[in-house]
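Reader: I've got a model open and I'd like a close look at how its sheets are put together and what packs on them. Could you walk me through that part in one go?

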Amino acid sequence: MTQVFRTVDLSPGLYVVATPIGNLRDISLRALDILASVETIFAEDTRQTKRLLDAYGIDAQLKPYHDHNGAQMRPLVMKYVADGKAVALVSDAGTPLISDPGYKLVRDIGEAGGTVIPIPGPSAAITALSAAGLPTDMFTFCGFLPPKSGQRQEKLKSFAGQKLTLVFYETGPRLLAALEDIVTVFGAATEIAVGRELTKKFEEIIRQSASAAVERLEENGPPKGEIVLMISLTGEEGAPASEADIDHYITDRLASLGAKGAASEAAREFKLPKRELYARAVALQARDRDD
Ligand code: SAM
């Protein structure tokens, strides 16, 4: 194997190194240089990182750093840095700290006067955004959506009225339920995109309306693999409708559906209590009769 990395003299500090999200060749030459040159690599899963290092012929000392041992490991990592050593932090895939461990470590090292050096590379969120065809001028990365529908809807509602693209990490088995909640909270026409198995053999990036995505999953069953879910918000979804809008909507339906039917449809459309809208519909009907 031709050696593509070179060992380099590194100044002391914590090197936060991004690694591939699927395709092993998506690692940067600088990342390889750093991984080959640090004293120790702190890895979320040492076996996973060893596979990456083996692919490039890098023989490095690996120690675990993950959500369950972070508190015990932080003093050790900090001692390395305080002693003038260069060490690396990597996660299983993508950029550390992005829905991955490392936040407290990076803070603590900085507060102790140590240096933190980012070594940029892939992240599933940015990779998905770059090819989804949704607006990217303003986006918010939100990590994983809550698994329960009630909490998920609350989370989604907190973005109502904003004009931006939301980016979530999601799992195949939960995707359909998440899409159904998007339809409930933002409406059937909301444009979404799903990036699946990015940079891997079965990569797929699909952009469609939330309701079309629901239908697709209902037909095909839960998708396999890793998923990034994106939602394009125009700022109109979830905005409280004006009284004039509601009156207009009901009036349009009074002749064909009657007060009860028009109120039911309006209740669904505006997510308002049916009884309130029925009273409104009856008043509008009376007004129309008087006119
Ligand atoms: N730190 C990583 C990054 O920068 O993307 C993310 C880690 S997070 C624990 C893992 C989640 O990222 C997966 O459950 C999935 O939602 C998303 N993900 C990671 N790799 C992916 C890929 N190749 N395609 C689609 N989504 C991916």
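Author: Sure. A word on angles before we start: an axis here is a line fitted to C-alpha atoms, for helices over the stretch in contact, and angles run from 0 to 180 degrees between N-to-C directions. With that in hand, take helix α8, residues 210-220: it lies across β8 and β9 and runs at about 125 degrees to β9. Keep in mind that this is a predicted model.

Those two strands belong to an open sheet of 5 strands with mixed pairing, in the order β6-β7-β10-β8-β9. At its edges stand β6 (139-144) and β9 (204-209), and since each has a single partner strand, one side of each is left without a neighbour in the sheet. From one strand to the next, the twist averages 20 degrees. Look at the β6 end: β6 and strand β7 (residues 165-171) run parallel and are joined by 4 bridges. F141 is a handy marker there, standing opposite V167 in β7. The other helix to look at is α5 (residues 124-132), which lies across β6, β7, β8 (191-196), β9 and β10 (226-232). Helix α5 runs at about 55 degrees to β10.

Now for the other sheet. Here 5 strands form an open sheet with parallel pairing, and the order is β3-β2-β4-β1-β5. Its edge strands are β3 (62-64) and β5 (116-119), each pairing on one side only. The twist averages 25 degrees from one strand to the next. If you zoom in on strand β2 (residues 40-43) and strand β4 (residues 86-90), you'll find them paired in the parallel sense over 4 bridges, with A43 opposite V90 in β4. Helix α1 (residues 29-37) packs on this sheet and touches β1 (13-17), β2, β4 and β5, its direction making about 135 degrees with that of β5. Helix α4 (residues 103-111) packs on the sheet too, touching β1, β4 and β5. The direction of α4 makes about 150 degrees with that of β1.

One last stop, out on the surface. L97, I98, Y103 and F141 make a nonpolar surface patch of about 330 Å², so we meet our marker F141 again, the one opposite V167. L97 sits in the loop between β4 and α4. Why does L97 count as partly exposed? Its relative accessibility is 30%, and the partly exposed class takes in what lies between buried, under 20%, and exposed, over 50%.

Terms used:
Residues are numbered from 1 along each chain as its sequence is written. This is a predicted model: local features need pLDDT of at least 70, side-chain atom pairs count only at pLDDT 80 or more; totals for chains, interfaces and linings use all residues. Side-chain values use heavy atoms; hydrogens and water are left out. Two strands pair if DSSP finds at least two bridges between them. Contact means heavy atoms within 4.5 Å. Patches are made of residues with over 30% relative accessible area and no salt bridge: like charges are joined within 9 Å, nonpolar side chains (Val, Leu, Ile, Met, Phe, Trp, Tyr) within 5 Å. Accessible areas come from the Shrake-Rupley method with a 1.4 Å probe; for residues, only the protein chains shown count as cover. A salt bridge is a side-chain nitrogen of Lys or Arg within 4 Å of a carboxyl oxygen of Asp or Glu. Buried means under 20% relative accessible area, exposed over 50%, partly exposed in between (1.4 Å probe, protein chains only).
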